[in-house]
Amino acid sequence: MKKCPHCQQLIDDNMTVCPYCHQTVDYTPGATPENPYGAALDEGSVASNDAIESYFNRNDVFSSDPVSGKSRGVCALLAILLGGLGIQYFYLGKTTGGILSILLTIVTCGLWEIIALVQGILMFVMDNRTFIRKYVVSQSKFPVF
C-alpha cells in the first residue's frame with residue numbers, strides 16, 4: 001500500500017489513478033525524491049547504484065542517464081530548437097506527447113513553440129534528479145513542466 005500524494009489516502013501499490021480523488025499517481029515502485037528509479041534497479045541491472053548516485057551528484061547537463069541513456073542537455077536543446085515538432089518527447093520515448101505537441105503547434109499556428117522554448121530552458125536549469133523524475137520515469141504521456 002502507498003499514500004496518494006494528492007489526498008493522502010492509502011491505495012494499492014499498482015494503481016495509477018487514485019480511486020478517492022481520481023488524480024493520476026505516478027507509479028515507480030519504491031520511488032522517492034532521492035531515488036526516482038525506485039525498485040526498478042535490480043541486482044542484474046545495467047547500471048549500478050553507484051553509477052546512478054554519481055550521475056545525480058555530478059549533475060552534468062550533457063551526461064547521459066546510466067539507466068535510460070537519455071541526456072537532459074540533448075532533450076533541452078531539442079525542446080528549444082525543435083520543440084514545436086515535439087522532438088523532445090520522441091527522444092524521451094513519449095510518442096503521445098510528441099503527436100500532441102505537433103497538433104498543438106498546428107492548432108495554435110505555432111504559438112505552442114513558445115511553451116516548448118520555455119520547457120527547454122527549464123530543462124537546462126533543473127537538476128538531473130528532477131529531470132529523471134518529471135520526464136523519464138514519470139507515467140505521464142505529455143509532461144510539460
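This report walks through a predicted model, from its nonpolar core to its ring pairs and a few loop residues.

## The nonpolar core

Let's start on the inside. The largest nonpolar core has 12 residues in all. Its members are I52, Y55, F56, C75, A76, L92, M123, M126, F131, I132, Y135 and V137. Three helices each supply at least two residues of this core: α1 (49-58), α2 (72-82) and α6 (128-136).

M123 is a good core member to click on. Leaving out residues up to four places away in sequence, M123 touches R72, C75, A76, F131 and Y135. C75, A76, F131 and Y135 are also on the list of core residues, so look for them together when you zoom in on M123.

## Two cysteines and no disulfides

How many disulfides does the structure hold? The count is 0. Still, two cysteines are worth a look. Is C75 buried or exposed? C75 has a relative accessible area of 0%, so it counts as buried.

C109 is another story: its relative accessible area is 73%, which makes it exposed, because the cut-off for that label is over 50%. You'll find C109 in the loop between α4 and α5. Its backbone has a quirk too, as C109 has a positive phi of about 55° although it is not a glycine.

## Rings that pair up

Now for the aromatic side chains. Searching the whole structure turns up 4 aromatic pairs. One of them joins F62 and F124, whose ring centres are 6.2 Å apart. Why is this pair called edge-to-face? The ring planes meet at 65°, and the label applies to angles over 60 degrees, so the pair qualifies.

The F62 and F124 pair links distant parts of the chain, 62 residues apart. F62 sits in the loop between α1 and α2, while F124 belongs to helix α5 (residues 112-125). F62 is partly exposed, at 46% relative accessible area, and F124 is partly exposed as well, at 27%.

## A tilted pair and a cluster

Y89 and F142 make another aromatic pair, this one tilted. Their centres lie 5.3 Å from each other, with 40° between the planes. Y89 is in helix α3 (residues 87-92) and F142 is in the segment after α6, so the pair ties together parts 53 residues apart in sequence.

What about accessibility? Y89 is buried, at 0% relative accessible area, whereas F142 is partly exposed, at 21%. The story doesn't stop at two rings, either: ring pairs link Y89, W112 and F142 into a cluster.

There's also a charge-and-ring arrangement to find. K70 lies over the face of Y91, at 5.0 Å from the ring centre.

## Loop residues to look up

Back to the loop between α1 and α2, where N59 is found. N59 has a phi near 55°, which is a positive value in a residue other than glycine. At 31% relative accessibility, N59 is partly exposed.

Finally, try L111, in the loop between α4 (95-107) and α5. Is L111 buried or exposed? With a relative accessible area of 56%, L111 is exposed. Along the chain, L111 and G84 are 27 residues apart, and in space their C-alpha atoms are separated by 8.4 Å.

Notes:
Residues are numbered from 1 along each chain as its sequence is written. This is a predicted model: local features need pLDDT of at least 70, side-chain atom pairs count only at pLDDT 80 or more; totals for chains, interfaces and linings use all residues. Side-chain values use heavy atoms; hydrogens and water are left out. A disulfide is a pair of cysteine sulfur atoms within 2.5 Å. Buried means under 20% relative accessible area, exposed over 50%, partly exposed in between (1.4 Å probe, protein chains only). A nonpolar core is a set of buried Ala, Val, Leu, Ile, Met, Phe, Trp, Tyr and Cys residues joined through side-chain atoms within 4.5 Å. Helices (H or I, at least four residues) and strands (E, at least two) are DSSP runs, numbered from the N terminus. Contact means heavy atoms within 4.5 Å. Rings of Phe, Tyr and Trp (its six-membered ring) pair if their centres lie within 6.5 Å; planes under 30 degrees apart count as stacked, over 60 as edge-to-face and the rest as tilted. A charge sits over a ring if NZ of Lys or CZ of Arg is within 6 Å of the ring centre and within 35 degrees of the ring normal.
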